[in-house]
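Please look over the chain shown here before reading on. The paragraphs below lead through parts of its fold.

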Amino acid sequence: MSGGTARDWLAGKGYPFTDNVAFHRSAGEFDGGGQFGVEIPAVNSMRDLEIMVKLLNEHGVRVTRFNETLGSFLLSDAELTDMFALCRENDHGIVVSLGPRPEYDTRSAFYRTGFGLEMGRQINNSDGIRACVAEALRLAALGCRGITVYDIGVLRVLAELRSDGLLPADLVFKTSSHCMPTNPFLARIFAENGADSITLAHDLGLPMIQEIRRLNPELPMDVPTDVYRTKGGFIRFYELAEIVQIAAPVMLKMGASVQEHPYDPPSEARTVERVRRVARGLEMLDRHLPDKTAITRRSRQYAIPAAASDRRQGPASA
């Protein structure tokens, strides 16, 4: 197939075929209203969360939700319950990452090789899938309303559990950036298999972000706007206004560039700098897009933990 024929075929389907595109404002909003929200990643313990919430309140910085990234199975019921309560009391959401994942699995040694890393965090044994299901049931019973999923097979199973009523209907599944949704067609595959939102690969340019939105008009997206040094260390605050305009509804993942690695436990001084960096990004967004609208707490994507009276109690054993 010649280049011209490829272009004609893609254009005829309405598919993207070049990055040389004009930008168009997205009319999309979150359910409940609003173009954008803000997520701070790698808030991985009650201690980290307490410090973060305290500093956000002191600096008057408003964010939508936090993202725990180490893995739910490393946190006790008591710590998760305390984290959910603190978020609920301060009107924040939280998304908890599913675990165990291949980096913890004794049957995934290949994952830790150079070649194995190329396959992402896909689970290669049924015991691991069962453990993920058990963790999802445990999280839901404790009040969690947002789960980060790393494996598309697990995502499909969890979506079926939700459809069958074994997981709450308002439980949000979002895919990790490690799923590498780098184009509109991959994004559609995740959505078709139960994803309520997707985290884009870190370095996607504005044209590709826009095409993912165009071909997936109702799928909320998380866009990393500054990243850990081990993931490139870049900061794209000057593009925040454009990202919100072309990608809405969009969750801006902010504050990671202060840390070397997402698994590094942050000191209080480092957390202070994370809050300052989020504040600086939002200041730039305010300057360049004053008419933006923020997500409301009516949205499922807020992922505010459920109060005890609203929790679905289900089987949580493996």
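What follows goes from one strand and its neighbours to a helix, and then to single residues and peptide bonds.

This is a predicted model, in which local features need pLDDT of at least 70 and side-chain atom pairs count only at pLDDT 80 or more, while totals for chains, interfaces and linings use all residues. Residues are numbered from 1 along each chain as its sequence is written, and side-chain values use heavy atoms, with hydrogens and water left out.

Helices (H or I, at least four residues) and strands (E, at least two) are DSSP runs, numbered from the N terminus. Strand E8 (250–253) is a convenient start. E1 runs parallel to E8 and is joined to it by four bridges; two strands pair if DSSP finds at least two bridges between them. Strand E7 (residues 221–224) is also parallel to E8, again with four bridges. Methionine 251 in E8 is the bridge partner of glycine 37 and also of aspartate 222. Both faces of E8 are covered, with Val250 and Leu252 buried on one side and Met251 and Lys253 on the other. Buried means under 20% relative accessible area, exposed over 50%, and partly exposed in between (1.4 Å probe, protein chains only).

E7, H8 and E8 form a right-handed β-α-β unit: with the strands pointing away from the viewer, the path from the first strand over the helix to the second runs clockwise. The loop between H8 and E8 holds proline 249, and the peptide bond from alanine 248 to proline 249 is cis, with omega near 0°.

Helix H9 (residues 268–288) has 21 residues and spans 31 Å from first to last C-alpha, close to the 30 Å expected at 1.5 Å a residue; the expected span is 1.5 Å times one less than the number of residues. Its buried residues include Thr271, Val275, Val278 and Leu282. Strand E1, helix H2, helix H8 and strand E8 are among the elements that cover the buried residues of H9.

Serine 197 lies in strand E6 and counts as buried because its relative accessibility is 1%. Among the residues that serine 197 touches (heavy atoms within 4.5 Å) are Phe173, Leu219, Asp222 and Gln301, not counting residues up to four places away in sequence.

Most residues other than glycine have a negative phi, and most peptide bonds are trans. A second cis bond joins glycine 99 and proline 100, with omega about 5°. Aspartate 91 has a positive phi of about 60° and is partly exposed at 26% relative accessible area. Alanine 303 also has a positive phi of about 60°, but alanine 303 is buried at 2%.
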